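Got a minute to look at a model together? Have a scroll through it before we start talking.

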Protein chains: 2
Amino acid sequence: MGHGVQGRDRPAARLDADAATHVATTLQALATPSRLLILTELRNGPRPVTELADAVGMEQSAVSHQLRLLRNLGLVTGTRTGRNIVYNLYDNHVAQLLDEAIYHSEHLRLGLTDRPDTAG
Amino acid sequence: MGHGVQGRDRPAARLDADAATHVATTLQALATPSRLLILTELRNGPRPVTELADAVGMEQSAVSHQLRLLRNLGLVTGTRTGRNIVYNLYDNHVAQLLDEAIYHSEHLRLGLTDRPDTAG
DNA sequence: GGAATAAATGAAGAGGTCTTCATGCGTTCC
DNA sequence: GGAACGCATGAAGACCTCTTCATTTATTCC
């Protein structure tokens with residue numbers, strides 16, 4: 001029941017306007033260099049804010065603002081541990097979405113064509 | 001050599017600032033309802049502009065603007081066929097990125113937790 | 001309690017995005 | 001050649017986003 005040459009075995013996408021809005025919002029959470037850096041840092045494990053800020057080279061305030069956005073969208077969680085608030089990716093869907101996004105983006109960058117159906 | 005519980009077998013993401021900018025740009029191309037609708041329509045096959053506009057309920061001009069952006073980023077191609085210019089997804093990476101993005105976003109929406117490592 | 005550390009927050013401003021409107025360019029058909 | 005069709009394009013405006021600065025809240029240690 002696979003698509004064979006199409007590659008992986010995800011169902012083909014079907015979107016109504018509402019779903020599109022939601023997906024767009026989620027993707028927009030990944031669509032900024034600062035947040036991508038934050039998320040990939042979290043991909044390596046839980047991190048307190050200051051450590052995140054240090055790792056990605058941003059000010060603490062800026063990181064907090066972005067973390068709030070990611071929290072509100074349910075992509076990360078923050079739990080207090082002493083003075084620190086340790087952030088973490090919410091679940092595997094976030095981690096995988098991140099990995100796939102980077103994987104495919106980098107392949108698009110390289111111009112590795114893998115055309116589906118030239119229809120010409 | 002798999003990650004086992006981590007799910008699929010993509011390598012864990014590693015990004016420097018430059019790569020992050022590129023990935024962010026690519027993701028931003030997907031991070032809008034209008035473009036998601038356009039791309040998912042193209043997921044079903046090649047389409048001329050007017051047909052796209054009709055399918056997604058946008059004005060022709062707006063669709064053309066978005067198609068230019070997608071073209072410039074290498075996500076779609078457009079080839080003239082008579083009076084029409086038929087657009088198509090560039091390759092399988094685009095199709096898969098789209099599918100995965102929708103798949104994971106919708107699962108995040110449903111709140112299907114699949115937590116990796118709660119870390120305390 | 002008071003100082004120090006960690007993080008969140010609000011306001012404000014620079015810059016970007018998306019749509020609409022008006023128009024221009026290329027193609028087909030008669 | 002001229003009209004109609006299909007698409008691209010530029011300008012303009014409303015709106016959103018991201019960062020910085022200043023301040024506030026929560027926690028620990030003495």
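What follows is a run of questions and answers on this predicted model.

Q: Which helix gives the largest share of the surface near DNA strand C?
A: Several elements have a hand in this surface: helix H3 (49-56), helix H4 (60-72) and strand S3 (84-89) of chain A, plus helix H2 (33-43) and helix H4 (60-72) of chain B, each supply at least two residues. The largest share is six residues, and the helix behind it is H4(A).

Q: Which residues come nearest to DNA strand C?
A: There are 25 residues around DNA strand C. By class they split into six nonpolar, twelve polar and seven charged. The ones that come nearest are A:Thr50, A:Ser64, A:Tyr87, B:Ser61 and B:Gln66.

Q: What percentage of the atoms of DNA strand C within 4 Å of the protein belong to sugar or phosphate?
A: Take the atoms of DNA strand C within 4 Å of the protein and sort them into bases on one side and sugar or phosphate on the other. The share for sugar or phosphate is 65%.

Q: How many Å separate a polar side-chain atom of A:Tyr87 from a phosphate oxygen of DNA strand C?
A: Phosphate oxygens of DNA strand C have a few partners here. A:Ile85 uses a backbone N or O atom, 3.4 Å away, while B:Arg35 brings a polar side-chain atom to 2.7 Å. For the polar side-chain atom of A:Tyr87, the distance is 2.4 Å.

Q: Which helix gives the most to the surface near DNA strand D?
A: Over on DNA strand D, H2 and H4 of chain A join helix H3 (49-56), H4 and strand S3 (84-89) of chain B, each with at least two residues in the surface. Six residues is the top contribution, and the helix that makes it is H4(B).

Q: How many charged residues are in the surface near DNA strand D?
A: Around DNA strand D there are 26 residues, with A:Gln66, B:Thr50, B:Ser61, B:Ser64 and B:Tyr87 coming nearest. Of the atoms of DNA strand D that come within 4 Å of the protein, sugar and phosphate account for 66%. Sorted by class, the surface residues come out as seven nonpolar and twelve polar, and the charged ones number seven.

Q: Which residue has a polar side-chain atom 3.1 Å from a sugar or linking oxygen of DNA strand D?
A: Two side chains can be set aside, as their partner is a phosphate oxygen of DNA strand D: A:Thr32 at 3.3 Å and B:Tyr87 at 2.4 Å. The residue with a sugar or linking oxygen as partner, at 3.1 Å, is B:Asn84.

Q: How are H1(A) and H2(A) oriented to each other?
A: Helix H1 (residues 17-30) of chain A packs on helix H2 (residues 33-43) of chain A with the axes 6 Å apart and an angle of about 80°. A:Gln28, A:Ala29 and A:Leu30 of H1(A) meet A:Arg35, A:Leu36 and A:Leu39 of H2(A). By class, that contact has four nonpolar, one polar and one charged residues. An angle from 65 to 115 degrees counts as roughly perpendicular, so H1(A) and H2(A) are roughly perpendicular.

Q: How many polar residues are in the contact of H3(B) with H4(B)?
A: H3(B) and H4(B) pack with axes 9 Å apart at about 110°, which makes them roughly perpendicular. H3(B) brings B:Val49, B:Leu52, B:Ala53 and B:Val56, and H4(B) brings B:Gln60, B:Val63, B:Ser64 and B:Leu67. Sorting these gives six nonpolar and no charged residues, and the polar count is two.

Q: What is the strand order of the open sheet in chain A?
A: The edge strands are S1 (47-48) and S2 (76-81) of chain A, each pairing on one side only. S3(A) is joined antiparallel to S1(A) by two bridges and to S2(A) by six. A:Val86 in S3(A) is the bridge partner of A:Pro48 and also of A:Thr79. The order of the three strands is S1-S3-S2.

Q: Which residue takes a positive phi in the hairpin of S2(B) and S3(B)?
A: Strand S2 (residues 76-81) of chain B pairs with S3(B) antiparallel over six bridges, and B:Val76 stands opposite B:Leu89. Two residues sit between the strands of this hairpin, and the one with a positive phi near 65° is B:Gly82.

Conventions:
Residues are numbered from 1 along each chain as its sequence is written. Chains are lettered from A and ligands numbered from 1 in the order in which they are written. This is a predicted model: local features need pLDDT of at least 70, side-chain atom pairs count only at pLDDT 80 or more; totals for chains, interfaces and linings use all residues. Side-chain values use heavy atoms; hydrogens and water are left out. A residue is near a molecule or strand if one of its heavy atoms lies within 4 Å of it. A polar contact is a pair of N or O atoms within 3.5 Å; within protein, one must be able to donate a hydrogen and the other to accept it, and residues adjacent in sequence count only if both atoms are side-chain atoms. Helices (H or I, at least four residues) and strands (E, at least two) are DSSP runs, numbered from the N terminus. Ala, Val, Leu, Ile, Met, Phe, Trp, Tyr, Cys and Pro count as nonpolar, Asp, Glu, Lys and Arg as charged, and the others, Gly among them, as polar. Axes are lines fitted to C-alpha atoms, for helices over the stretch in contact, and angles run from 0 to 180 degrees between N-to-C directions. Angles under 35 degrees count as roughly parallel, over 145 as roughly antiparallel, 65 to 115 as roughly perpendicular and the rest as oblique. Contact means heavy atoms within 4.5 Å. Two strands pair if DSSP finds at least two bridges between them.
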